[in-house]
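Colleague: Before I build anything on this model, please take a close look at one loop and its backbone, and then follow the packing outward from there. I would like one connected account rather than a list.

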Amino acid sequence: MVALVTPMNDDETIDYAALASLIEWHIESGTQAIVAVGTTGESATLDMTEHCDVIRFVAEKVAGRITVIAGTGANSTSEAIALTRCAKKAGADACLLVTPYYNKPTQEGLFLHYKKIAEAVDIPQILYNVPGRTACDLQPETIGRLSSIVNIIGVKEATGDLSRVAKIQALVPANFYLYSGDDATAVDFILLGGHGGISVTANIVPDQVARAYQAALDGDSNLAHELDQPLASLHQHLFVEANPIPVKWALAQTRKINPAIRLPLTPLSEPFHGLVSEALTQAGVTI
């Protein structure tokens with residue numbers, strides 16, 4: 001699954017032509033799901049109308065060919081409910097809800113937050129834990145409690161802590177999905193029993209990521225690592241500055257999108273151009 005960027009024009013309006021082109025490329029490349037307007041899609045800089053419009057556009061262009069997952073998390077429960085309702089109306093298949101950022105809720109607060117959203121909107125929902133960005137860690141025990149709610153179907157774990165796979169598995173039903181949100185450890189996450197990954201690197205090399213993940217899902221550790229190894233530098237250097245700064249710069253180098261990005265995010269700093277360019281070369285990407 002790709003955590004898709006939101007392309008923008010020079011005036012920072014949404015570049016829907018480029019977005020349509022990316023969608024077709026991902027479908028042709030073996031991507032099995034698109035996450036629209038997540039962190040990589042600059043959800044923090046899109047207003048509510050734009051957020052809903054992008055989800056609707058992606059769902060319409062995909063037209064049921066692969067799964068569309070809408071990023072609808074917020075640090076206000078009422079706002080998360082509004083976005084999730086919008087995603088359902090727009091035709092998304094599921095929603096991805098990041099933990100409330102900045103306000104540092106307790107585990108009980110997290111449980112009640114997700115419970116209220118799940119009860120308010122009848123659509124499959126995936127929890128999203130990325131404490132490195134939110135200052136909030138959704139603990140395995142809380143994930144276990146939430147897994148009993150019928151339309152909470154999985155979790156995206158972006159801690160990079162592989163020990164969490166077994167901890168979460170022990171607390172959730174067998175049909176609860178575990179997805180990696182950390183490119184560098186995703187193959188190992190899947191080999192340990194994860195069901196897939198939501199990838200930033202897949203924005204650049206969707207076919208290679210798809211093959212590596214499929215090998216891991218097939219239990220072929222040697223092949224999975226062999227396919228993933230050329231991507232190791234990308235996994236690392238697409239985070240030299242805050243995501244999605246490096247990945248948008250990389251996509252611009254391959255002429256897939258315009259390099260525009262919204263403040264407070266800024267274009268990739270010049271000292272990092274060489275690092276990301278070299279990572280692209282190692283992955284076999286022509287620029």
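**A loop and its surroundings**

Modeller: Glutamate 42 is found in the loop between β2 and α2, and I start there, bearing in mind throughout that this is a predicted model. Although glutamate 42 is not a glycine, its phi is positive, at about 60 degrees. Most residues other than glycine have a negative phi. As for its surroundings, glutamate 42 counts as buried because its relative accessibility is 2%, where buried means under 20%.

On one side of this loop is strand β2, which covers residues 33-36 and includes alanine 33. Alanine 33 is likewise buried, since its relative accessible area is 3%. Once the neighbours within four places in sequence are left aside, the contacts of alanine 33 are Met1, Val2, Ile66, Thr67 and Ile69. For a sense of scale, the C-alpha atoms of alanine 33 and serine 221 lie 23 Å apart, with their positions 188 residues apart in sequence.

On the other side of the loop is helix α2, residues 48-62, which packs with helix α1, residues 16-29, at an angle of about 45 degrees and with the axes 10 Å apart. At that angle the helices are therefore oblique to each other, and α1 passes α2 in a right-handed crossing. The contact is made by Tyr16, Leu19, Ala20, Ile23, Glu24 and Ile27 of α1 with Asp53, Val54, Phe57, Val58, Lys61 and Val62 of α2. By class, these residues are nine nonpolar and three charged, with no polar residue among them.

Helix α1 also packs with helix α9, residues 206-217, where the axes come within 8 Å and cross at roughly 35 degrees. This crossing, too, is right-handed. Here Trp25, His26 and Ser29 of α1 meet Pro206, Asp207 and Ala210 of α9, and the residues of this contact divide into three nonpolar, two polar and one charged.

Val58, already named in the contact of α1 with α2, leads on to the interior. The largest nonpolar core has 82 residues, and Val58, Leu127 and Ile204 touch the most other members. Beyond its neighbours within four places in sequence, leucine 127 is in contact with Leu96, Leu97, Tyr114, Leu138, Ile143, Leu146, Ile152, Gly154, Val155, Lys156 and Phe176. Apart from this core lies another, of 14 residues, which includes Ala94, Ile126, Tyr128 and Val130. In soluble globular proteins, nonpolar side chains tend to be buried together.

Leu138 and Leu146, both among the contacts of leucine 127, bring in leucine 110 of helix α4, residues 107-120. Leucine 110 is buried, because its relative accessible area is 0%. Not counting residues up to four places away in sequence, leucine 110 touches Thr99, Pro100, Pro105, Cys136, Asp137 and Leu138. Leucine 146 is 36 residues from leucine 110 in sequence, and the distance from C-alpha to C-alpha is 9.4 Å.

For a comparison with the backbone of glutamate 42, turn to the loop between α12 and α13, which is the place of arginine 255. Arginine 255 is not a glycine either, yet has a positive phi, of about 65 degrees. Its relative accessible area of 63% means that arginine 255 is exposed, whereas glutamate 42, at 2%, is buried.

Proline 264 lies in that loop between α12 and α13 as well, and the peptide bond joining leucine 263 to proline 264 is cis, with omega about 10 degrees. Another cis bond runs from asparagine 243 to proline 244, with omega near 15 degrees, and proline 244 is found in the loop between α11, residues 232-237, and α12. Most peptide bonds are trans.

The helices flanking the loop of arginine 255 also pack: α12, residues 245-253, and α13, residues 273-282, have axes 11 Å apart at an angle of about 65 degrees. Their crossing is right-handed, and the contact is made by Pro246, Trp249 and Ala250 of α12 and by His273, Val276, Ser277 and Leu280 of α13. Five of these residues are nonpolar and two are polar, with no charged residue in the contact.

Methods
Residues numbered from 1 in each chain as written. Predicted model: local features only at pLDDT ≥ 70, side-chain atom pairs only at ≥ 80, totals over all residues. Heavy atoms only, no water. Axes fitted to C-alpha atoms, helices over the stretch in contact; angles between N-to-C directions. Helix = DSSP H or I, 4+ residues; strand = E, 2+ residues; numbered from the N terminus. Parallel < 35°, antiparallel > 145°, perpendicular 65-115°, else oblique. Left-handed = near helix turned anticlockwise from the far one by under 90°. Contact = heavy atoms within 4.5 Å. Nonpolar A, V, L, I, M, F, W, Y, C, P; charged D, E, K, R; others polar. Core = buried A, V, L, I, M, F, W, Y, C linked by side-chain atoms within 4.5 Å. Buried < 20%, exposed > 50% of the residue type's maximum accessible area, 1.4 Å probe, protein only.
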